[in-house]
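The following exercises are to be worked through with the sequence and the model at hand. Each task is followed by a solution in steps.

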Amino acid sequence: MTAGDSSESIASLVGLAPLEAILFDVDGTLCDSDPLHYYAFREMLQEIGFNGGVPITEDFFVENIAGKHNEDIAELLFPDDIPRGRKFCEDKEAMFRKLASEQLTPVSGLYKLKKWVEDHGLKRAAVTNAPRPNAELMISSLGLSDFFQAVVLGSECEHAKPHPEPYLKALDLLKASKEHTLIFEDSVSGIKAGVAAGVATIGITTRNPEHQLMVAKPTFLIKSYDDPKLWAALEVLEKKDA
């Protein structure tokens, strides 16, 4: 969606007033973690001779791994030995946590939006396909442990994203209505989950290309939380609410 679509983007959020809640994915949405996941997968897969020892490309990572649940990744990478795939994913997550504890950076403008959410007294939850140790490490490293009133994990639901269940569970925990909630997501899988839950979902092009995210039908796309398009839409929401 181009800058020319800004007025359309803003109009599409007006119906959310009064806004009750904001739900955030974690990986790639709160922090720019995909490069760390990509590095861990690339190094460890090369080490075991996956793909004939040829390192996976970033395109392969974006299309097959980013945003997906580990159970699905295990099946994709090790279709003939899923228990081995699960163990591989566990080891990869341990490597990711080591990298993340040293190198995690917030998505630009995150703390500005955090303040806005707090100032408006909105309910908030993190909804992620990440394993609990990863989610807790990322949220705590970003200083957001006290910010979120709930953390919903795909692995603790019957279905992970792209199924809507994790988002529907978050709405239920927060006692928020889907008609007055906003979701931020950075992956095709996550946007599909938000849209299927019937919630306005804004896509962030942290790492994943615009054309791929648009396939999942987000309300609109932003580059980061500093994006003027986002703040113009929030301003219109504030006025409508007033």
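**Exercise 1.** Determine whether K175 is buried or exposed, and describe its backbone and its place in the chain.

*Solution.* In this predicted model, the relative accessibility of K175 is 63%. Exposed residues are those over 50%, so K175 counts as exposed. Next, consider the backbone: K175 is not a glycine, yet its phi is positive, at about 55°. Most residues other than glycine have a negative phi. Finally, K175 belongs to the loop between helix 8 and strand 4 (181-185).

**Exercise 2.** Carry out the analysis for K217: where is it placed, and is it buried or exposed?

*Solution.* K217 is placed in the loop that runs between helix 10 (210-215) and strand 6 (220-222). Its phi is positive, about 65°, although K217 is not a glycine. With a relative accessible area of 63%, K217 is exposed.

**Exercise 3.** State which residues the cis peptide bonds at P18 and P162 join, and locate both prolines.

*Solution.* Begin with P18: a cis peptide bond joins A17 to P18, with omega about -5°. P18 sits in the loop between helix 1 (6-14) and strand 1 (21-24). Then turn to P162: the cis bond there joins K161 and P162, and omega is about 15°. The loop that holds P162 lies between strand 3 (150-153) and helix 8 (165-174). As background, most peptide bonds are trans.

**Exercise 4.** Describe how helix 2 packs on helix 5, and classify the residues of the contact.

*Solution.* Two packed helices are described by the angle between their axes and the distance between the axes. For helix 2 (residues 34-47) and helix 5 (residues 82-103), the angle is about 135° and the axes are 9 Å apart. Helix 2 is therefore oblique to helix 5. The handedness of this crossing is right-handed. Helix 2 contributes residues including L36, Y39, F41 and M44 to the contact, and helix 5 contributes residues including F88, D91, M95 and L99. By class, the contact of helix 2 with helix 5 holds 11 nonpolar, two polar and four charged residues.

**Exercise 5.** Describe the packing of helix 4 against helix 5.

*Solution.* The axes of helix 4 (residues 70-77) and helix 5 come within 8 Å and cross at roughly 120°. Helix 4 is therefore oblique to helix 5. The crossing of helix 4 with helix 5 is right-handed. Among the residues in contact are I73, A74 and L77 of helix 4, together with I82, F88 and C89 of helix 5. The contact of helix 4 with helix 5 divides into six nonpolar, two polar and four charged residues.

**Exercise 6.** State how many aromatic pairs the whole structure has, and characterise the pairs F41 with F88 and F147 with F148.

*Solution.* The search of the whole structure finds 12 aromatic pairs. In the pair of F41 and F88, the ring centres are 6.3 Å apart and the planes stand at 35°, so the pair is tilted. F41 lies in helix 2 and F88 in helix 5, so this pair ties together parts that are 47 residues apart in sequence. Both F41 and F88 are buried. For F147 and F148, the centres are 5.0 Å apart and the planes are at 70°, so this pair is edge-to-face. F147 and F148 are both buried. As a last step, ring pairs link F147 and F148 with F24, F184 and Y225 into a cluster.

Technical notes. Residues numbered from 1 in each chain as written. Predicted model: local features only at pLDDT ≥ 70, side-chain atom pairs only at ≥ 80, totals over all residues. Heavy atoms only, no water. Axes fitted to C-alpha atoms, helices over the stretch in contact; angles between N-to-C directions. Helix = DSSP H or I, 4+ residues; strand = E, 2+ residues; numbered from the N terminus. Parallel < 35°, antiparallel > 145°, perpendicular 65-115°, else oblique. Left-handed = near helix turned anticlockwise from the far one by under 90°. Contact = heavy atoms within 4.5 Å. Nonpolar A, V, L, I, M, F, W, Y, C, P; charged D, E, K, R; others polar. Phe/Tyr/Trp six-rings, centres within 6.5 Å; stacked < 30°, edge-to-face > 60°. Buried < 20%, exposed > 50% of the residue type's maximum accessible area, 1.4 Å probe, protein only.
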